[in-house]
Amino acid sequence: MTSAARTVRVFRESGSRKRLLLDDGVRLLDLSAYLMQKGQPTDLLGLFEAGWFDAGQLNARLPAEDWDDWDEWTPVDIEWDGNAPPGVDVPIDPRDVGKILALGKNYRAHAEEFGEAVPAEPMFFNKLPETLVPHGVVVDVPAWYGGRFDHEAELAVVIGLGGRDIAVEDANEHVAGYTVANDLTLRSLQGSDREKRHPWFRAKNSDGTCPLGPCFVPRDFLDISDLRVTAQVGETLRQDASTRDLVVDVPHAIAALSRHLTLHPGDLILTGTPAGVGPLADGEVCTCAVAGIGELTTTVRRTSHG
Ligand code: ZN
């Protein structure tokens, strides 16, 4: 984190346009138009690789907050609520996501709600890129499944620079930026599979169980040391914690993972969920939020009678 504390949030439009839009804290700008004019890459990972998100570079390119002569930038004239413009896609193109690695029991109070201790070593499982869905969608619970289907609000890390055996002190260099994930979980199935000593795989990889978004925030524009992480269902605040309570912080997670496997640009790390996970009923709307990033809203549809 540099002194550059101004807001930078990048959205990727869905549908045929697929424009990148940039919220600079004052207005929404057409980032794709700017990049094309400058002959720059028009994908987030390419921009990271080109150093485009470094605070020094990006601050020099953005219009000043009180600047209304748009110069090289094209403002986007659409109605939006300040959280996300209508019709956003997953902020990182799922085709660029090789793997989603998730930390289990990484908030002490969440481990305790299952009567368990925090693992002595970081505990990881994985989700498939096929589980990714954007902000604002309806997720269908498999019709055969009548058990608990839980929300899990999480800070998600986007890897920008790959590597193996990454040292804790170098880990930050490998982060492109951050977004919000809802690690939706078939909790009852997870419990019964765990009793059979089967992996968590099925419980974590049903279609649509990784809502991600609404936007991407470049690393230099977010201090993640003390961010509020929440999940709200209807009027009820179910999860509410701070990233300062992470057992394994982001640099240590990157170091631990990269001792075992090579991280690649586009890989995602879900940093674990706070206490307060709970079931979602048919029609319920769950909003997972991380302060400084945004609110990720998902509606659940259940067709079973379980
Ligand atoms: Zn999780």
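1. Is Asp183 buried or exposed? In this predicted model, Asp183 is buried, and its relative accessible area comes to 0%. Since this residue takes part in several of the contacts described below, the note starts from the metal site.

2. The zinc ion has as its protein donors Glu152 (OE), Glu154 (OE) and Asp183 (OD), which lie 1.9 to 2.1 Å from the ion. Along the chain these donors follow the spacing E-x1-E-x28-D. Glu152 sits in the loop between strand S8 (149-150) and strand S9 (153-159), while Asp183 sits in the loop between strand S10 (175-182) and strand S11 (185-186), so that the pair links distant parts of the chain, 31 residues apart. Glu152, like Asp183, is buried, with a relative accessible area of 4% for Glu152 and 0% for Asp183.

3. Asp183 also meets the side chain of Lys127 in a salt bridge, at 2.7 Å from N to O. Lys127 belongs to strand S5 (residues 123-127), and this pair, whose members are 56 residues apart, again links distant parts of the chain. With 1% relative accessibility, Lys127 counts as buried. Both residues belong to a network of salt bridges that links Lys127, Arg148, Asp150, Glu152, Asp183, Arg187 and Lys204, and the zinc donors Glu152 and Asp183 are therefore members of this network as well.

4. Over the whole structure, a search finds 25 salt bridges. One of them joins the side chains of Arg9 and Asp23 at 3.0 Å, N to O; because Arg9 lies in strand S1 (residues 9-12) and Asp23 in strand S2 (residues 20-23), the pair ties together parts that are 14 residues apart in sequence. Arg9 counts as buried at 7% relative accessibility, and Asp23 counts as buried at 6%.

5. Another salt bridge is formed by Lys99 and Asp267, whose closest N and O atoms are 2.6 Å apart. Lys99 is in the loop between helix H3 (55-61) and strand S4 (100-104), and Asp267 is in the loop between helix H7 (250-258) and strand S15 (268-270), which places the two partners 168 residues apart. Both of these residues are buried.

6. As for aromatic contacts, the structure holds 7 aromatic pairs. Trp144 and Tyr145 form an edge-to-face pair, with 5.7 Å centre to centre and 75° between the planes. The two partners stand in contrasting surroundings, for Trp144 is exposed at a relative accessible area of 60%, whereas Tyr145 is buried at 5%. Elsewhere, ring pairs link Tyr34, Trp52, Phe53, Trp73 and Phe216 into a cluster.

Note on methods: Residues are numbered from 1 along each chain as its sequence is written. This is a predicted model: local features need pLDDT of at least 70, side-chain atom pairs count only at pLDDT 80 or more; totals for chains, interfaces and linings use all residues. Side-chain values use heavy atoms; hydrogens and water are left out. Rings of Phe, Tyr and Trp (its six-membered ring) pair if their centres lie within 6.5 Å; planes under 30 degrees apart count as stacked, over 60 as edge-to-face and the rest as tilted. Buried means under 20% relative accessible area, exposed over 50%, partly exposed in between (1.4 Å probe, protein chains only). Donors are N, O and S atoms within 2.8 Å of the metal (3.2 Å for Na, K and Ca); water is not among the atoms, so sites may look incomplete. Helices (H or I, at least four residues) and strands (E, at least two) are DSSP runs, numbered from the N terminus. A salt bridge is a side-chain nitrogen of Lys or Arg within 4 Å of a carboxyl oxygen of Asp or Glu.
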